[in-house]
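User: Hello! I am new to this structure and would like a close look at a single part of it. Could you walk me through one helix and its surroundings?

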Amino acid sequence: MAKDFSPQGLAEARRRRLEKESNNWVLAIVLDVLWGVLPWVAGTAVATAVLFAIHENDADAQTIFPRLNAPVAIGTISTFSAFLLVSKIQANLTCNSRIIGEFGNLTGSLINLAIWVRSQRLTGYNLDTITPLSGFGQQYETYATNRLALVLASVPYIVKYNGRHVAVVPEWLPMGQDPKGTLVDVFKRLTCKGNGTERMSDFAAAVLMISEQLDQLLATKGTKDAEYAAVFAQLNAATAAEGTIGATAGYVAPYLLDAMNYIVFVLFMLLLVISDVIPTNDGNAIWIAPLVALCTAAFFQISDRYWNAMALRSKRCGQPPLVSKMCVATEVTIVDMFERHKHISTRLSGGYVAPDDRNREPCPQATQSRFRFSLP
């Protein structure tokens, strides 16, 4: 995306964030097969074909290959290799599931914070309504929001991009649509290096911006200690979820263990092909050996492509791209919540009534429900 930081460019960035392309899961599966299955299957087939050619054209090889048949040793290596592969597959899928679950906790805490602030209907500098371009509809169509909502909506994207190890560009986040550029300037100041110290993390900078705005709002209102505790409990929950996500995605097993995992499996396949598959099955070994690789290493390789749910692309993913969907849903929910809080009340009373047109027909969704939405 070109660096167009004009209001129109920022509105286009918002449209790109919210209007995701549909997930092409068929292409994703093809790529999983291409990069996960094919290397192991094709590599095993080529290696087996070479070893079979040696076996057929070298009389010494026909004598040596069967002598390498050691059922006890091969069985031991096979068992241990299978244990390592199954453990890695389970660990990868557990990591995938845990990241998605904690991401849900993160976005839920942010929405809870927005709900609390909305319920207070506080006024002041940090909740002054701003009207950036929406990126949808007519060229200059706007939507109503405030700076606190923009920072809250930016947090999931920050966590996702950090999980992908991609640099965060604050202008492309919801906070980038602050007309005065205050939020972006503060974010950049907090995350830049200074006085020989390391930079503050992107997530920590966003949390600091949220906490300062919340503290200012609470102090202005003269909030009780219980309300302070309730608000910052949700902020603590968000930081705890991000910590779990970061620890899960950032954990790396000792490099030697990962290397030995591949070494043990390759050694098992080599001994199996040389000592048993080729001498027993002749040319059929060229398709039997890849079948063994397909039923073992290929499954591990595919699970390894999905361990980090934050790195999955929403338009090309072999499972529902839940992290990207949660980012979009959180932004829509929080921004829409503040945009409508002056116009819609969800009190369970009466039917749908529009103050600007008392003769308007009732909303179909409202009339079909046992609960009614009314406008004050």
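Analyst: Here is a walk along helix H9 and the rings around it, with a few other places afterwards.

First, some ground rules. This is a predicted model, in which local features need pLDDT of at least 70 and side-chain atom pairs count only at pLDDT 80 or more, while totals for chains, interfaces and linings use all residues. Residues are numbered from 1 along each chain as its sequence is written, and side-chain values use heavy atoms, with hydrogens and water left out.

Let us begin with the setting. The protein chain has 13 helices and 0 strands; here helices (H or I, at least four residues) and strands (E, at least two) are DSSP runs, numbered from the N terminus. Of its 376 residues, 39% are buried. Buried means under 20% relative accessible area, exposed means over 50%, and partly exposed is in between, using a 1.4 Å probe and protein chains only. Among contacts between residues at least 6 apart in sequence, 72% join residues at least 24 apart, where contact means heavy atoms within 4.5 Å.

Now to H9 itself. This helix covers residues 255-281, which is 27 residues. At 1.5 Å a residue it should span 39 Å, and its end C-alpha atoms are 37 Å apart, which agrees. The expected span is 1.5 Å times one less than the number of residues. Along the way, H9 bends by about 45° at Val273; the bend is the angle between axes fitted to the seven residues ending there and the seven starting there.

Which residues of H9 are buried? They are Asn261, Val264, Phe265, Phe268, Met269, Leu272, Val273, Ile274, Ser275, Val277 and Ile278. Val273, where the helix bends, is therefore one of the buried residues too. An α-helix has 3.6 residues a turn, so residues three or four places apart point the same way.

Two of those buried residues, Phe265 and Phe268, also meet through their rings. They are 3 residues apart in H9, which separates them by about one helical turn. The structure holds 5 aromatic pairs. Rings of Phe, Tyr and Trp (its six-membered ring) pair if their centres lie within 6.5 Å; planes under 30 degrees apart count as stacked, over 60 as edge-to-face and the rest as tilted.

One of the pairs joins Tyr262 and Phe300: it is edge-to-face, at 5.9 Å centre to centre with 65° between the planes. Tyr262 lies in H9 and Phe300 in helix H11 (residues 297-305), so this pair ties together parts that are 38 residues apart in sequence. Tyr262 is partly exposed, with a relative accessible area of 33%, whereas Phe300 is buried at 3%. As for Phe265 and Phe268, their ring centres are 6.3 Å apart and their planes stand at 55°, so that pair is tilted. Ring pairs link Trp40, Tyr262, Phe265, Phe268 and Phe300 into a cluster.

What comes after H9? The next residue is Asp282, whose phi is positive, near 55°, in a residue other than glycine. Asp282 sits in the loop between H9 and helix H10 (285-294), and at 40% relative accessibility Asp282 counts as partly exposed.

A similar feature turns up elsewhere. His165 also has a positive phi, near 60°, and is a residue other than glycine. His165 lies in the loop between helix H5 (147-164) and helix H6 (182-191) and is exposed, with a relative accessible area of 71%. That loop also holds Ala167, which is exposed at 65%. Ala167 and Asp202 are 35 residues apart in sequence and 9.5 Å apart in space, C-alpha to C-alpha.

Thr145 makes a good contrast. This residue is in the loop between helix H4 (71-120) and H5, and at 3% relative accessibility Thr145 counts as buried. Leaving aside neighbours within four places in sequence, Thr145 is in contact with Asp128, Thr129, Ile130, Pro132, Leu150 and Val335. Thr145 and Asp336 are 191 residues apart in sequence, yet 7.8 Å apart in space, C-alpha to C-alpha.
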